[in-house]
Every structure is written in structure tokens, then in C-alpha cells.
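This report goes through a protein model by its sheet, its aromatic pairs and its charged side chains. Please keep the sequence and the structure at hand while reading.

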Amino acid sequence: MFFIVIVILPLAVAGIVVQRIVGHEIERRAELSLDPALQASWSAYLERADTLDLRVREAARYQGFGEMLAGETKRRPMDDFLRTVRTDDRQLDFLIVTDSSGTIIGADFETGDWLEGYEQPTTQELADPSSNSRPFLTSTVRLRDEGGRQFGNLIGGLWTDRDILVGHTPETVNLSVVTDGEVIATTAPALLRVQDVELGAGRFQTVLDEEVTAKTLPLDDGPTLLATTPRTEVGGLSTQVVLVGLLLLAAMGTAIIGYWLARLITHPLEELARGAQAITEGNFDHQIPVRSRDEVGRVSIAFNEMTTKLRETV
């Protein structure tokens with residue numbers, strides 16, 4: 001009981017206090033680590049958006065659009081033509097050509113780097129500017145002949161996929177693109193599903209097949225950037241720090257208790273030694289304080305009785 005009260009109980013209380021303090025600080029730092037990752041990905045997104053118009057205008061200068069749209073053109077040749085344009089450009093994920101009425105004449109696109117199971121937007125959705133939560137950026141250039149008459153439109157675009165996420169996160173942070181409550185692209189190694197999350201709420205805690213601390217950043221065209229760090233990693237690190245702290249506290253406590261116990265044992269012995277020294281010097285009036293009723297206390301009583309008898313005899 002003495003050991004429990006003196007050693008175990010203080011260590012347990014100290015462990016709880018340390019865990020709460022350290023755990024709170026680790027969580028705070030984990031949340032702060034989410035902001036740089038979000039901002040880096042946001043910058044990559046803005047860079048793509050800022051250069052998109054220029055990329056599509058450059059593609060529209062490619063010779064042959066007028067000839068391809070003149071008269072009745074079969075879909076397959078236009079698709080091949082657009083593939084040639086996009087391959088030469090190498091900066092656009094998809095190209096779509098419509099006639100002046102908006103009817104799709106041809107399209108070519110590269111498959112985005114999506115999460116497995118996500119269905120990529122259709123050509124019609126890509127050409128529809130009213131699509132909600134669009135995981136892509138588009139720019140439209142009117143195609144005109146030498147006389148200035150519009151004969152069609154060229155729609156070019158970029159996916160808002162994993163390409164804007166990679167290279168912007170530390171090891172403990174995952175970035176994802178979320179649209180309509182579904183993770184469609186992510187740097188996380190496992191399949192994720194957002195559950196019961198209001199993505200416009202900023203910082204929150206949720207479950208993506210595991211408990212995480214997360215922050216969001218909405219993009220202009222509907223999707224949301226989601227940065228997460230697993231709470232299991234935060235908790236594990238907190239536990240490690242607490243264990244180290246408890247070991248240090250245990251070592252300090254053991255040293256202090258050991259010193260106290262040593263003094264508790266050696267101090268009465270030192271008094272007995274001083275009493276014996278006094279007797280050898282002829283001081284028979286010396287008495288040793290009796291501080292306990294244990295073995296040391298009984299020896300002190302016997303020593304005092306001996307000095308009393310010696311004093312009476314002498």
C-alpha cells in the first residue's frame with residue numbers, strides 16, 4: 001500500500017496530465033501541418049487555371065479546324081484530328097469541338113488520375129458549362145473563318161485530379177479531391193469514403209475508413225480540397241511521448257524515494273554511532289532520541305539503558 005500511494009499513484013496522475021498536455025499539443029501541430037499542404041495544392045490548381053485560356057487559344061491556332069468542320073464531317077476523323085492537336089500540345093487533358101449550335105462534332109481526352117471506381121465525366125458533361133461540382137477546368141474559344149464568321153467552338157480543359165495533389169504533402173498528411181461527398185482522387189494509400197461531413201465547415205473531425213483530423217478548402221468550380229492526417233498517428237505519437245515521460249518520472253521518483261529511504265535508515269544509525277563515540281569519551285549522560293518502535297528504536301532504548309547503568313556504576 002505504501003508503494004502504491006507513494007510511487008504508483010503519483011506516476012499515474014502525472015501520466016494522465018502529461019498525456020493530455022502532450023496530446024493536445026501534438027494535435028494542434030498536426031492541424032497546423034494541414035494548411036501548407038492545402039495552400040500548395042491550391043497554388044497548383046490556380047496555376048493550371050491561369051494558363052488554361054492561353055493553352056486553348058494556342059490549340060485553336062492549329063491549322064485544319066475550318067476544313068474539318070466544312071460540310072458534313074464524320075465523328076471519327078474529327079476525334080483523330082483532335083488527338084493530333086492534343087498530342088502536339090501536351091498541355092491539355094481534353095479537347096472538344098462543337099459546331100455553332102453547340103452540337104458536339106468531336107472529342108479527345110486523356111483518362112484522369114482518379115480513385116478506382118470513379119466514373120469520369122462524359123463528353124456531354126464536359127461541354128456543359130452548367131455542370132455542378134465539376135472536377136475539371138474548361139476554357140472555350142470560338143472558331144472563326146477568315147471573314148470572322150463563327151463556325152464552331154473549341155473547348156479545352158484540365159482535370160482536377162491527383163495531379164494537383166502529388167508533391168505537396170508531408171508523409172503524415174494526405175490530400176484528396178472531394179465532389180458530391182465522394183473522394184474522387186487522393187494521395188492516400190487506401191480507399192477513402194467521406195462520411196457525414198459538411199465540407200464547407202473548414203476544420204473538422206470525420207471518418208475516412210479511419211478517424212482523422214481534417215481541413216478543407218473549396219475550389220472555385222465545385223470540388224473541395226481535403227487535407228487529412230490520421231488520428232491514430234497522432235495518438236500513437238502521443239502515447240510514445242507519454243511513455244518516455246513516465247519513464248523519466250519513474251526514474252526521478254525512484255531516485256528521490258531511494259534517497260529518502262536511505263536517509264530514513266542511516267540517520268538513526270548515525271545517531272547510534274555518535275552515542276557510542278560519546279561513551280568512549282566518557283560522556284555517560286548522552287542519550288539517543290528514540291524516533292520509532294522498530295528494531296532501530298529498540299536498539300536506541302537499550303543503548304540509553306546501558307548508558308544509564310554505566311553512569312550509576314561509575
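The sections below describe a predicted model, beginning with one of its sheets.

## The four-stranded sheet

Four strands make up an open sheet, ordered β2-β1-β4-β3, with antiparallel pairing. At the edges are β2 and β3, each of which pairs on one side only. From one strand to the next, the twist averages 15 degrees. Strands of a sheet pair through backbone hydrogen bonds, in a parallel or an antiparallel sense.

The β4 strand has two partners to follow. Its antiparallel pairing with β1 runs over six bridges, and Leu154 in β4 is the bridge partner of Val97. On the β3 side, nine bridges join the two antiparallel strands. Here Ser139 stands opposite Gly156 of β4, and Phe136 stands opposite Trp159 of β4. The hairpin of β3 and β4 has five residues between the strands, and Gly148 in this hairpin takes a positive phi near 90 degrees. As for solvent, β4 is mostly covered, with nine of its 10 residues buried.

## Aromatic pairs

Seven aromatic pairs are found in the structure. One of them is formed by Phe94 and Phe136, whose rings are edge-to-face at 6.1 Å centre to centre, with 85 degrees between the planes. Phe94 belongs to strand β1 (residues 94-99) and Phe136 to strand β3 (residues 136-144), so this pair ties together parts 42 residues apart in sequence. Both Phe94 and Phe136 are buried.

A second edge-to-face pair consists of Trp114 and Trp159, with 5.4 Å centre to centre and 70 degrees between the planes. Trp114 is in the loop between β2 (104-109) and α4 (123-127), while Trp159 is in strand β4 (residues 150-159); the pair therefore ties together parts that are 45 residues apart in sequence. Trp114 has a relative accessible area of 13%, so it counts as buried under the 20% limit. Trp159 is buried as well, at 2% relative accessibility. Ring pairs join these four residues and Tyr118 into a cluster: Phe94, Trp114, Tyr118, Phe136 and Trp159.

## Arg48 and its contacts

Trp159 also appears among the contacts of Arg48, a residue of helix α1. With neighbours within four places in sequence left aside, Arg48 is in contact with Asp93, Leu137, Leu158, Trp159, Asp163 and Ile164. Is this arginine buried or exposed? Arg48 is buried, its relative accessible area being 16%.

## Salt bridges around Arg86

The structure contains six salt bridges. Arg86 takes part in one with Asp108, where the closest N and O atoms are 2.7 Å apart. Arg86 is in helix α3 (residues 75-89) and Asp108 in strand β2, so the bridge ties together parts that are 22 residues apart in sequence. Arg86 is buried, with a relative accessible area of 12%, and Asp108 is buried too, at 4%.

The side chain of Arg86 meets that of Glu110 in another salt bridge, with 3.5 Å from N to O. Glu110 lies in the loop between β2 and α4, so this pair links helix α3 to a part 24 residues away in sequence. Glu110 is partly exposed, with a relative accessible area of 41%. Through shared partners, salt bridges join Asp80, Arg83, Arg86, Asp108 and Glu110 into one network.

## A link between α1 and β8

Which parts of the chain does the salt bridge between Lys215 and Asp35 link? The side chains of Lys215 and Asp35 meet at 2.8 Å, N to O. Lys215 is in strand β8 (residues 211-218) and Asp35 in helix α1 (residues 2-60), so the pair connects distant parts of the chain, 180 residues apart.

The two partners fall into separate accessibility classes, for which the cut-off matters: buried means under 20% relative accessible area. Lys215, at 19%, counts as buried. Asp35, at 28%, is partly exposed.

Conventions. Residues are numbered from 1 along each chain as its sequence is written. This is a predicted model: local features need pLDDT of at least 70, side-chain atom pairs count only at pLDDT 80 or more; totals for chains, interfaces and linings use all residues. Side-chain values use heavy atoms; hydrogens and water are left out. Rings of Phe, Tyr and Trp (its six-membered ring) pair if their centres lie within 6.5 Å; planes under 30 degrees apart count as stacked, over 60 as edge-to-face and the rest as tilted. Buried means under 20% relative accessible area, exposed over 50%, partly exposed in between (1.4 Å probe, protein chains only). Two strands pair if DSSP finds at least two bridges between them. Axes are lines fitted to C-alpha atoms, for helices over the stretch in contact, and angles run from 0 to 180 degrees between N-to-C directions. A salt bridge is a side-chain nitrogen of Lys or Arg within 4 Å of a carboxyl oxygen of Asp or Glu. Contact means heavy atoms within 4.5 Å.
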